[in-house]
Amino acid sequence: KDRVRGLPWEAPEVGDSDLTDGATTDAVIEILNEVQDRPFFVACGFANPHLPFVAPKKYWDLYDPASIELADNPYPPHDAPKCAATSWGEMRAYVGIPPKGPLGDAQARQAIHAYWAAVSYVDAQVGRLLDELDRLQLREKTVVILWGDHGWQLGEHGFWCKHTNYEVAARVPLIISVPGQSHRGAKTDRLVEFVDVFPSLCDACSLSPPQGLEGTSFLPLVEQPDRPWKQAAFHLYPRSIADHGPAMGRAVRTDRYRMVEWKAERDGFTEYELYDLETDPDENQNVAGKSEYAQVLTELQAIQAAGPRGARP
């Protein structure tokens with residue numbers, strides 16, 4: 001019998017520190033006070049926003065359920081391979097979630113509400129950590145970087161959770177603060193990846209990273225956000241293709257396009273997705289089979305074959 005994971009979301013009337021992420025913040029604040037007088041590296045991971053979404057009720061109360069709008073594309077991308085879809089089995093393991101089929105509108109709004117509350121709860125914990133750095137007078141000599149480990153689908157394409165190669169599941173927040181930076185609060189639309197985080201932190205701390213890394217320090221973007229940069233970013237997610245067995249979806253994302261190559265390990269069976277993010281930012285139409293995009297598909301295949309090192313600025 002499948003293990004039931006309990007409720008998918010809750011809003012207990014408790015304080016921040018009564019739940020995991022608040023307790024984690026308390027622990028990190030203690031560490032900062034212990035190490036404030038010497039060089040330190042602290043990694044702090046928060047559980048939210050991740051199922052189950054459990055946040056103090058005051059964060060739920062920030063949002064009006066009646067104002068929550070549902071995704072306007074609750075259907076898989078047109079002409080996409082069937083293997084590209086997710087059945088969002090992670091969420092279906094929780095009490096009250098239908099074992100198959102879509103969520104009803106009321107439950108979908110509740111899921112979005114829960115996700116937003118979880119995000120706000122973590123946002124408040126990040127604020128507590130930054131406040132403590134200020135109190136300890138460490139902000140001007142501490143590199144701070146914030147990122148999430150994946151996106152999350154809230155009904156887009158009829159999907160929930162992550163487990164796809166689509167923009168909404170692959171794109172994440174990334175914020176960095178470096179002492180003395182000249183463009184505080186600036187944004188950039190250049191492409192960076194998780195593999196870039198380690199060399200970037202090394203660069204920001206004047207440390208030499210080991211040889212052979214696939215990532216590239218994005219510290220130059222901190223100083224010049226509009227400079228030319230990476231040609232592409234890469235990500236992947238596995239799936240099983242009917243009649244062909246295990247497969248890997250390898251994606252390449254450029255400024256304008258996302259291509260996903262689905263290839264079966266056993267027999268090499270291959271299917272493609274291609275989305276023109278300029279004309280179709282929500283990735284609702286796979287154009288991989290359209291003749292006018294044949295050259296684009298070929299170019300992206302070459303970029304994918306070259307990999308992260310080939311896409312470096």
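Modeller: A strand here is a DSSP run of at least two E residues, and strands are numbered from the N terminus. The model is predicted.

Colleague: Which strand holds Arg253?
Modeller: Look at residues 245-253. They form one strand, and Arg253 lies in it. That strand is E8.

Colleague: Is Arg253 buried or exposed?
Modeller: The cut-off for buried is under 20% relative accessible area. Arg253 has 13%, so it counts as buried.

Colleague: Which side chain makes a polar contact with the side chain of Arg253?
Modeller: Arg253 touches several residues beyond four places in sequence, including Arg171, Leu191, Gln231 and Leu277. Glu167 is also on that list. The polar contact spans 2.9 Å, and the partner side chain is that of Glu167.

Colleague: How many disulfides does the count come to?
Modeller: A pair of cysteine sulfur atoms must lie within 2.5 Å to qualify. Cys202 fails, because its closest cysteine sulfur, in Cys205, is 7.6 Å away. The count comes to zero.

Colleague: How far is the nearest cysteine sulfur from that of Cys83?
Modeller: Cys83 is buried, at 6% relative accessible area. Cys83 is in no disulfide. The nearest cysteine sulfur is that of Cys161, at 19 Å.

Colleague: Where does Cys202 stand, buried or exposed?
Modeller: Apply the cut-off of under 20% for buried. The relative accessibility of Cys202 is 8%, so Cys202 counts as buried.

Colleague: How far apart are the end C-alpha atoms of helix H4?
Modeller: H4 covers residues 105-135, which is 31 residues. At 1.5 Å a residue, it should span 45 Å. The model agrees: the ends are separated by 45 Å.

Colleague: Which residue takes a positive phi just after H4?
Modeller: Helix H4 ends at residue 135. Just after the helix, one residue has a phi of about 60°. That residue is Gln137.

Colleague: Which residue pairs with Asp26 in a salt bridge?
Modeller: Side chains of opposite charge can pair when their charged atoms come close. For Asp26, the N to O distance in its bridge is 2.5 Å. Asp26 is in helix H1 and its partner in helix H4, so the bridge ties together parts that are 102 residues apart in sequence. The partner is Arg128.

Colleague: What relative accessible area does Arg128 have?
Modeller: Asp26 counts as partly exposed, at 25% relative accessibility. Arg128 is also classed as partly exposed. Its relative accessible area is 25%.

Colleague: Which residue forms a salt bridge with Lys57?
Modeller: Lys57 is partly exposed, at 31% relative accessibility. The closest N and O atoms of the bridge are 3.0 Å apart. The partner is Asp61.

Colleague: What is the closest N and O distance between Arg256 and Glu278?
Modeller: Arg256 is partly exposed at 30%, while Glu278 is exposed at 57%. A salt bridge needs such atoms within 4 Å. Arg256 and Glu278 form one, at 3.6 Å.

Colleague: How many residues apart in sequence are the parts that Arg256 and Glu278 tie together?
Modeller: Arg256 lies in the loop between E8 and strand E9. Glu278 lies in the loop between strand E10 and helix H8. The salt bridge ties these parts together across a sequence separation of 22 residues.

Colleague: Which loop holds Pro52?
Modeller: Pro52 is partly exposed, at 33% relative accessible area. Pro52 touches Leu7, Pro8 and Tyr94, leaving aside residues up to four places away. Its loop is the one between helix H1 and strand E2.

Notes. Residues are numbered from 1 along each chain as its sequence is written. This is a predicted model: local features need pLDDT of at least 70, side-chain atom pairs count only at pLDDT 80 or more; totals for chains, interfaces and linings use all residues. Side-chain values use heavy atoms; hydrogens and water are left out. Buried means under 20% relative accessible area, exposed over 50%, partly exposed in between (1.4 Å probe, protein chains only). Helices (H or I, at least four residues) and strands (E, at least two) are DSSP runs, numbered from the N terminus. Contact means heavy atoms within 4.5 Å. The expected span of a helix is 1.5 Å times one less than its number of residues. A polar contact is a pair of N or O atoms within 3.5 Å; within protein, one must be able to donate a hydrogen and the other to accept it, and residues adjacent in sequence count only if both atoms are side-chain atoms. A salt bridge is a side-chain nitrogen of Lys or Arg within 4 Å of a carboxyl oxygen of Asp or Glu.
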